[in-house]
Amino acid sequence: PASKQAQQKLATIDMSERRVVITGIGCISPLGNDLESTWSGMKEGRSGIGPITQIDPEPYESKIAGEVRDFDPAGFFRAPKDARHSDRVVQMAVAAAKMAIDHSGLDLEAADRTRIGTMIGSGIGGLATLQREHETLLNRGPGRVSPFLIPMMISNMATGIVSMEHGLRGPSMAIVTACATSNHNIGEAWRIIKFGDADGFVCGGTEASILSMGLSGFCRMKALSTRNDEPEKASRPFDVNRDGFVMGEGAGIVLLEELESATRRGANIYAEVAGYGMSGDAHHVSSPSPDGSGAMRAMQMALDDASIPVESLDYINAHGTSTPAGDRIETLAVKRVLGEQASKVAFASTKSMIGHLLGAAGGVETAIAALAIRDGKIPPTINYETPDPECDLDCVPNTKRDMRVRAALNNSFGFGGTNASLLLTAPESGGRSAGN
């Protein structure tokens, strides 16, 4: 039986009444090392994809990626040594998290930090550290392996370091679900706030795997584009000539707050997280279910949570990776969920500009969906030259679109058949829109 304290808590909390909003955003991407440059590049339809520079790409079939350039983590850590003892995947998460907190205007010194959680995932984790220290082990022996190997490598360390940097003592965890990682971390943070176990969360995803081990693995799967002579045109979701995804890296972090708490402090509100859906395909380790049933259930669950009619949905930030099967099956799933309304919804993929950020993808794309709501601008799917008859929805081809966005759905699907969809809506009266 529940304790008296737990019974009292449950008696005073109505999950349906606790609403959750986005009040801060931090972003590092191939288009820039902050939110503003990323958003500006996306509205311009600019590609951040180019030849790989972090390693020698010559031995690999795919020689292109969406790299984060000129990133200096030192200024985002309280102590420079902590930056040196962190993998690049953690460094970018720390930077994006600090941006999100600063952006929100939340005074952590005045806040109850036992009520603010941290949930930042990575699909692969500290791959650079693992690869480097494995080489040390083979070449120099176990006595020369760094004592920081394990804490620098494990996938929950972005969460751990961010919570330590800011003294956040609420729930601390990291969900790892391949390319659905960010959406699951944001969605579960939303659920924890609604249940009453926290009032705020720093959440999202980070990834840094443009390395020989990561690149060779994806190349061997034949998953990557080999359009090496035209890197800026390689990621082309929904185009009939797409030939695979382009690896990307970066971090996307949002600050979620319970609506009443955010409103009391006069926070700028970008969007409300109104729905969250998740499902499993139970089909294949890397290919989505051919009938789109898993993606359908995740999207439908998010729509049901939000209790909005499909006619109110204006924008879907598609998973849209530029793989032949993935784009086609996601299109099918959207049609089956939305019916006739599917052709009236903007269904665009920002991966055309930054590549696939794997575990960080949903974090950056949630940020973009929130900004689309705020600014009434939908970034395009660039490189859309030859329509695929099986991907025949409105992909906002090549040029941004100015339109009101009342509700936006963000899809993320990952290896292992894991699916997650987030539904964002425009803030209602009672909170200040971040655009004002």
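**Group meeting: a ten-stranded sheet and the helices around it**

In strand β4, the residues I116, T118 and I120 point one way and G117, M119 and G121 the other way, and all of them are buried. Buried here means under 20% relative accessible area, with exposed being over 50% and partly exposed in between, for a 1.4 Å probe and protein chains only. Strand β4 is thus a good place to begin, and I should state at once what kind of structure this is.

This is a predicted model, in which local features need pLDDT of at least 70 and side-chain atom pairs count only at pLDDT 80 or more, while totals for chains, interfaces and linings use all residues. Residues are numbered from 1 along each chain as its sequence is written, and side-chain values use heavy atoms, with hydrogens and water left out.

Allow me to give the overall picture. The protein has 14 helices and 16 strands; these are DSSP runs numbered from the N terminus, helices being H or I over at least four residues and strands being E over at least two. Of the 436 residues, 57% count as buried. The C-alpha trace spans about 60 × 60 × 45 Å along its principal axes. A compact globule of 436 residues would have a radius of gyration near 22 Å, and the 21 Å of this protein agrees with that. That radius is taken over C-alpha atoms, and the globule rule is 2.2 Å times the number of residues to the power 0.38. Among contacts between residues at least 6 apart in sequence, 78% join residues at least 24 apart, where contact means heavy atoms within 4.5 Å.

I turn now to the sheet. Strands of a sheet pair through backbone hydrogen bonds, either parallel or antiparallel. In this work two strands are said to pair if DSSP finds at least two bridges between them. The sheet is open, has 10 strands with mixed pairing, and follows the order β5-β4-β6-β7-β1-β9-β15-β14-β10-β11. Its edge strands are β5 and β11, each of which pairs on one side only.

Strand β4 has two partners to consider. With β6 it pairs in the parallel sense over six bridges, and I120 stands opposite G204 of β6. With β5 it also runs parallel, joined by two bridges, and there T118 stands opposite S172.

Further along the order we reach β7, residues 250-258. Why is β7 described as largely enclosed by the rest of the structure? The reason is that nine of its nine residues are buried. Both faces are covered: G250, G252, V254, L256 and E258 lie on one side, and A251, I253, L255 and E257 on the other. Strand β7 pairs antiparallel with β6 over eight bridges, and G250 is the bridge partner of E207. It likewise pairs antiparallel with β1, residues 20-28, over eight bridges, and here E257 is the bridge partner of V21.

Strands β14 and β15 run antiparallel and are joined by eight bridges, with A407 opposite T425.

Next, the helices. Helix α7, residues 157-166, is mostly covered, with nine of its 10 residues buried. Among the elements that cover those buried residues are α3, α4, β4 and β6. Just after α7, G167 takes a positive phi of about 65 degrees.

Helix α8, residues 181-195, lies across several strands, including β1, β4 and β7, and runs at about 115 degrees to β9. Helix α12, residues 324-338, lies across β10, β11 and β14, at about 160 degrees to β11. For these angles, axes are lines fitted to C-alpha atoms, for helices over the stretch in contact, and the angles run from 0 to 180 degrees between N-to-C directions.

How do α2 and α14 meet? The axes of α2, residues 35-44, and α14, residues 361-375, come within 11 Å and cross at roughly 70 degrees. They are therefore roughly perpendicular to each other; that label covers 65 to 115 degrees, with under 35 counted as roughly parallel, over 145 as roughly antiparallel and the rest as oblique. Helix α2 contributes L35, W39, M42 and K43 to the contact, and α14 contributes residues including V364, I368 and L371. By class, the contact has eight nonpolar, no polar and three charged residues. Ala, Val, Leu, Ile, Met, Phe, Trp, Tyr, Cys and Pro count as nonpolar, Asp, Glu, Lys and Arg as charged, and the others, Gly among them, as polar.

I close with one loop residue. V310 sits between α11 and β10. Leaving aside neighbours within four places in sequence, V310 is in contact with L303, V337, L338 and Q341.
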